[in-house]
Amino acid sequence: MARSGQTQNKREKEKKKLKKRKEKEQKRLERKENSNKGGSFEDMIAYVDADGNLTDTPPDPSQKVEVEAEDIEIAVPKKEDREEEEVITDTEGKVSFFDHSKGFGFIIGSQTGEKYFVHVSGLIDEIMENDKVSFELEQGMKGLNAVKVKKI
C-alpha cells in the first residue's frame with residue numbers, strides 16, 4: 001500500500017496559506033467598499049492652532065497675526081549680525097595643562113574656577129604649566145576660549 005505524498009505538516013501549511021489568502025482578499029474588498037464612501041473634502045481638512053496642534057476647527061480670524069517676510073529667518077544669522085553676548089575680558093588664571101607638541105592646553109580662571117581652552121594661536125607670550133597668566137575670553141565652536149594670553 002503506497003503512502004500519500006502529503007504529510008500532516010504540509011496539509012496544515014496549505015490550510016494556513018489558504019486562510020491568509022482569504023483574509024487578504026476580504027481586507028481588499030473592505031478597503032474597496034470604504035474608499036467609495038470616502039467622505040467629503042471638508043471632513044478631511046485639518047487646521048493648525050496657535051500652539052501648533054492639529055484641530056478640526058478653523059482658526060479665529062480675529063486672532064490672526066501679520067508677519068513681515070523680512071522677519072522670517074530660515075538659517076542661523078551670520079556672526080556679525082548676531083547680538084554680542086557679554087564676554088568677560090581681562091581675566092586672570094593659572095595654566096593647568098599645556099602640550100607644546102599639539103599646540104593646545106587649558107587655563108583655570110582664578111575668579112570663576114572654570115576651565116578654558118587655549119590654542120597656541122591665541123598666545124602672546126610662551127607659557128608653561130602652572131604659569132600665572134592674563135587672558136581674554138572669546139566664544140569658540142564648543143564654548144569659551146582663552147585668547148591674547150600673556151604671562152603675569
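Here is a short conversation about the strands of this predicted model.

Visitor: What makes E3 and E6 a pair of strands?

Guide: Two strands pair if DSSP finds at least two bridges between them. Strand E3 (residues 91–99) and strand E6 (residues 132–139) share 4 bridges, so they count as paired by that rule. Their sense is antiparallel, and one of the matches puts Lys94 across from its bridge partner Lys132 in E6.

Visitor: How do you know that E6 also pairs with E7?

Guide: The cut-off is at least two bridges, and 6 bridges join E6 to strand E7 (residues 144–151), so this is a pair too. These strands run antiparallel. Among the matches, Ser134 has Lys150 in E7 as its bridge partner, and Gln139 stands opposite Leu144 in E7.

Visitor: What lies between the two strands of the hairpin that E6 and E7 form?

Guide: There are 4 residues between them. In that turn, Gly143 has a positive phi of about 150 degrees.

Visitor: Why do E5 and E7 count as a pair?

Guide: Strand E5 (residues 115–119) and E7 have 2 bridges, and the rule asks for at least two, so the pair qualifies. Here the sense is parallel. Phe117 stands opposite Asn145 in E7, and Val118 stands opposite Ala146 in E7.

Visitor: Which strands make up the closed barrel, and how is its pairing described?

Guide: The closed barrel has 5 strands, in the order E3-E4-E5-E7-E6, and its pairing is mixed. Neighbouring strands of this sheet are turned by 50 degrees against each other on average, direction ignored. We met both senses above: E5 and E7 are parallel, while E6 and E7 are antiparallel.

Note on methods
Residues numbered from 1 in each chain as written. Predicted model: local features only at pLDDT ≥ 70, side-chain atom pairs only at ≥ 80, totals over all residues. Heavy atoms only, no water. Axes fitted to C-alpha atoms, helices over the stretch in contact; angles between N-to-C directions.
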